Amino acid sequence: GCYGHGRETSPTLDALAAAGVRFEDVTAAAPWTLPSHATMLTGLYPSHHGVKHHETRLARSFVTLAEEFQAAGYQTLAVVNSHNLGAPQFQLDQGFDHFRWIVETEDDPRTLKVRVFNSGDTIVATAKELLRGRDEDEPFFLFLHFYDVHTDFTPRQEYKERFVGPYSGRLTGTTSQLARVRNGEETLNEDDLRWLREMYDAEIRQLDDLLGRFLGWLDEEGLRDETLFVVTSDHGEEYQEHGSVLHGRTQYQEILRIPLIVSGPGIPPEMVVATPVHGIDVTPTILGVMGIPTSVPRDGLDLTPLWSGGTLPERLFFAEADHNNRVDGEFVYDIKKMVRRGDDKLLLDTHTGALELYELGADAFEQRDLVGERPELVRELQAALERFRAGAIEGEAVPPPTEEELRRLEALGYN
């Protein structure tokens, strides 16, 4: 809601934003979970930490946000709800004293298929367990990841009744069905799209209410007033704005634009920052707010000057590490690239060489391609993108997914 949605989907997050700083224009580093989270936890682009697909992991040589807190004497706790964060081969658990993965899939005995379900209640219960078991004399850093606002769409009935209108179509809200749409095997009509958006709204409100109850519990425990809260996401979701559904394949704004809210002690209330920022900034900003010194080089910047009267240097933003695109019938990764300077955004398909240019200030939904009208700007941004690509490192390899992991990844839309 605080970002302009017309339905009452997020009163808890809206109140948190009103009590702190909301960043209006935030770009994700990648259009899917694994590389984007590796970026948020390191402050590095995927090209600089090397995690771009399921056969790469975060090398132990990188210093994560959790490791910075750990070195500063904090207890470090995490509860995550995705294979892309929890599976040990990806090594995103670095620096966490306690790291719990709540598996987001289960086998449905009726259909003999893997399904995805909402685990928010379990995530919160596990977080409470970890917080109750902590040393109360020492500070803590808690990372919570929720998969609830995500396909499969499975909101509880009370939220469906509030947000979802009558629907007699064939959709069930499963990732596997929408993957068929994405792959061109099925099509959607306007009523299908309406129903999907409404199911998405229902899941947002269900999670928002859960977060409200968790914040209430923190208040009862005497923790809320002395805790910094940071809310963000790894990617968005598309509803055929550019012809597809789900996420992972493109670098358009419906996938890359994410929220970022910072609220807590010392954070000014009711502030909206219009300056564009990026997922690479999450780690350095949290360290800056908490006063934790670091000598680790990172791509991102500490954003605290933006709410304390200062400015940041002008810079380019990049996004990369797409997934699930097909070339000659084979799945490929990291062929869609983005570079942005101010409102000017250039997209490159490295397989076809196709370029697209958009001016987001006048065309927020990227409907008018300006490649043919601004050739000099295209050359400048393309040159900057090539310089960035030249600095990419190879990720540390892990074995390919097992058959069991492939079954579950397919249920999550990685097929």
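**Exercise 1. Which residues are linked with Lys52 in a network of salt bridges?**

Before you start, note that this is a predicted model, in which local features need pLDDT of at least 70, side-chain atom pairs count only at pLDDT 80 or more, and totals for chains, interfaces and linings use all residues. Residues are numbered from 1 along each chain as its sequence is written, and side-chain values use heavy atoms, with hydrogens and water left out.

*Solution.*

Step 1. Recall the rule: a salt bridge is a side-chain nitrogen of Lys or Arg within 4 Å of a carboxyl oxygen of Asp or Glu. The structure holds 29 salt bridges.

Step 2. Look at Glu320 and Lys52, which form a salt bridge with their closest N and O atoms 3.4 Å apart.

Step 3. Place the two on the chain. Helices (H or I, at least four residues) and strands (E, at least two) are DSSP runs, numbered from the N terminus. Glu320 is in the loop between strand 16 and strand 17 (325–327), while Lys52 is in the loop between helix 3 and strand 3 (56–57). The pair links distant parts of the chain, 268 residues apart.

Step 4. Check the surroundings. Buried means under 20% relative accessible area, exposed over 50%, and partly exposed in between (1.4 Å probe, protein chains only). Both Glu320 and Lys52 are buried.

Step 5. Complete the network: Lys52 is linked in it with Glu320, Asp334 and Lys337.

**Exercise 2. Find the helix that holds both Asp191 and Arg194, and work out whether these residues are buried or partly exposed.**

*Solution.*

Step 1. Both residues lie in helix 9 (residues 190–220), three residues apart, which is about one turn of the helix.

Step 2. Their side chains meet in a salt bridge of 2.9 Å, N to O.

Step 3. Asp191 has a relative accessible area of 33%, so this residue is partly exposed. Arg194 has 23% and is therefore partly exposed.

Step 4. Now turn to Arg205, which is also placed in helix 9. Its relative accessible area is 9%, so Arg205 is buried.

Step 5. List its contacts, meaning heavy atoms within 4.5 Å. Leaving out residues up to four places away in sequence, Arg205 touches Glu8, Thr9, Pro11, Tyr159, Arg162 and Phe163.

**Exercise 3. Describe how the ring of Tyr45 is paired with Phe318 and with Phe388.**

*Solution.*

Step 1. Set the cut-offs: rings of Phe, Tyr and Trp (its six-membered ring) pair if their centres lie within 6.5 Å. Planes under 30 degrees apart count as stacked, over 60 as edge-to-face and the rest as tilted. A search of the whole structure finds 15 aromatic pairs.

Step 2. Tyr45 and Phe318 are 5.7 Å apart, centre to centre, with 80° between the planes, an edge-to-face pair.

Step 3. Tyr45 sits in the loop between helix 2 (33–40) and helix 3 (46–49), and Phe318 in strand 16, 273 residues away. Both are buried.

Step 4. For Tyr45 and Phe388, the centres are 5.1 Å apart and the planes stand at 80°, so this pair is edge-to-face. Phe388 belongs to helix 12 (residues 375–390), so the pair ties together parts that are 343 residues apart in sequence.

Step 5. Tyr45 has a relative accessible area of 4%, so it counts as buried. Phe388, at 9%, is buried too.

Step 6. Elsewhere, Phe69, Tyr74, Phe96, Phe99, Phe141 and Phe143 form one aromatic cluster.

**Exercise 4. Trace the open sheet that contains strand 16 and find its edges.**

*Solution.*

Step 1. Two strands pair if DSSP finds at least two bridges between them. The sheet has four strands in the order 16-19-20-21, with antiparallel pairing.

Step 2. Strand 16 (317–319) and strand 21 (355–359) each have a single partner strand, so one side of each is left without a neighbour in the sheet.

Step 3. Strand 20 (residues 344–349) pairs with strand 21 over five bridges in the antiparallel sense. Here Leu346 stands opposite Leu357 in strand 21.

**Exercise 5. Trace the open sheet of three strands.**

*Solution.*

Step 1. Its order is 12-2-15, with mixed pairing.

Step 2. Strand 12 (257–258) and strand 15 (277–278) are the edge strands, each pairing on one side only.

Step 3. Strand 2 (residues 26–27) and strand 12 pair in the antiparallel sense over two bridges, and Val26 stands opposite Ile258 in strand 12.
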